[in-house]
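This report goes through the domains, the ligand site and the empty spaces of one protein model. Please keep the sequence and the 3D view at hand while reading.

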Amino acid sequence: MLIVMKTDASEAEIAEVVRIVNEMNLQAEALPGAQRTAIAVTGNTSPVDASRFENLAGVAETIRVTRPLKLTTLEMRPTKTVVRVGDATIGGDELAIIAGPCAIESHAQAFAIAETVRRSGARFFRGGAFKPRTSPYAFQGLGEQGLKILAEVRGAYGLKIVTEAIDEQAVDLVEKYGDVIQIGARNMQNFSLLKRAGRASLPVLLKRGMAATLDEWLLAAEYIMAEGNAQIILCERGIRTFAQHTRNTLDLAVIPALRRLSHLPVIVDPSHGTGKNYMVAPLARAAAATGADGLMIEVHDQPERALSDGAQALTLQQYEQTIAEARDIYEVLTATAQVG
Ligand code: PEP
Ligand code: MN
């Protein structure tokens, strides 16, 4: 921590701050500047309580230097995490594709889409059985029935199932029928759900909260890791801004920012990130170029009839083309070792 003194702080006030730091069994080094003195506090193994200093005479402000992150950082684990789901991986050396409808609506719908997803070479199928909807009157998902359809898709096509758990009971069910537990943007800071996911037997796909900073997002991942589950995939899905030309603002700059800080794989969801069909392909290509470990894409056999998020769903044909383009970009970059 850095304690910044006011420009008119006296020698006695500086000495008093140093004395208190030493009393806490920490080291204090006064760094005189042109305008003011800053006091560097070192020797702490956990965050220093800034409130001890903020109200002292002569103190202007305290600045935290160390981040509150631990398990998710490269400092702690210098090698990149590869999430393994059977024989499929996320964070390995191929662009992972997780595709499927927003919600599982029927057996016929799920199978019509899964057929194309399988043919595209994707290894993961997505689809919500429990839908967190803004309106209580909107379609809420088929519940356990939807999970049973997903399990049938896995049996028929060998696709790994990624599906959302909106509460702790749903985690039990996803563990029974699925392969990866999705935690949605609205639940990124549902701490009891994060802890339950941390004790789960399956990997966790953690979406970024609608207004979460990078640190808040990684701290949510820390909750999962602290319970013993290190198989976490981060998913950028756009944040709420003042922009009105998109549903959310897809923050692709978070990919290189995360790479510098964390060992966890990160994928991009351009479907929720834009909310508009015509924006999904360009942002999917951009995500691949930014070095994302994978893409989550919503695709529907009849987008105009979708019970949720039809406006952002790709048609089967658009999906196949988008994936092919994103893969081409990813391969060019890996061939020249530009990714990661
Ligand atoms: C979803 O992927 O189905 C979903 C609801 O996304 P998000 O949590 O990002 O809104
Ligand atoms: Mn959706």
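## Model and domains

The model is predicted. Its domain assignment gives two ranges: domain 1 covers 2-63 and domain 2 covers 83-339. Between the C-alpha centres of domain 1 and domain 2 the distance is 46 Å.

## Ligand 1 and its shell

Which residues surround ligand 1? The shell consists of R126, K131, E164, Q182, G184, A185, R186, K207, R237, H272 and E298. Sorted by class, this shell has seven charged residues, three polar ones and one nonpolar one.

Three polar contacts to oxygen atoms of ligand 1 can be described. R237 places a polar side-chain atom 2.6 Å from an oxygen atom of ligand 1. In the case of A185, a backbone N or O atom lies 2.8 Å from an oxygen atom of the ligand. The side chain of R186 has an N or O atom 2.9 Å from an oxygen atom of ligand 1. Ligand 1 taken alone exposes 290 Å², and 97% of that is buried by the protein.

## The largest pocket

Where does ligand 1 sit? Ligand 1 is in the largest pocket. This pocket has a volume of about 240 Å³. Its lining is made up of 19 residues, and those closest to the pocket centre are P132, R186, R247, H272 and D309. By class, the lining of the largest pocket divides into nine charged, six polar and four nonpolar residues.

Some names recur between the pocket and the ligand shell. R186 and H272 are among the residues closest to the centre of the largest pocket, and R186 and H272 also belong to the shell around ligand 1.

## The second largest pocket

The second largest pocket holds about 200 Å³ of space. Its lining residues are R67, L69, K70, T73, L74, E75, M76 and L261. Four of the residues in this lining are nonpolar, three are charged and one is polar.

## Enclosed cavities

Empty space left between atoms can be found by rolling a probe the size of a water molecule over them. How many cavities of 30 Å³ or more does the structure hold? There are two cavities of that volume.

The largest cavity contains about 50 Å³ of space. M1, N44, P47, V48, R64, V65 and T66 form its lining. By class, the lining of the largest cavity has four nonpolar residues, two polar residues and one charged residue.

The second largest cavity contains about 40 Å³. It is lined by P101, C102, A103, E105, E298, V299, H300, A306, S308, D309 and A313. Six residues of this lining are nonpolar, three are charged and two are polar. Two of the names have come up before: E298 and D309 line the second largest cavity, while E298 is also part of the shell around ligand 1 and D309 is one of the residues closest to the centre of the largest pocket.

Technical notes: Residues numbered from 1 in each chain as written. Chains lettered and ligands numbered in written order. Predicted model: local features only at pLDDT ≥ 70, side-chain atom pairs only at ≥ 80, totals over all residues. Heavy atoms only, no water. 1 Å grid on protein atoms, 1.4 Å probe; cavity = no way out; pocket = protein on both sides within 12 Å on 5 of 7 lines; lining within 4 Å. Points joined across faces, edges and corners; volume = space filled by probe spheres on them. Nonpolar A, V, L, I, M, F, W, Y, C, P; charged D, E, K, R; others polar. Near = heavy atom within 4 Å. Polar contact = N/O pair within 3.5 Å; in protein donor to acceptor, adjacent residues only side chain to side chain. Areas by Shrake-Rupley, 256 points an atom, 1.4 Å probe, with all protein chains shown as cover. Sits in = over half its atoms within 2 Å of the grid points. Domains from an automatic or database assignment.
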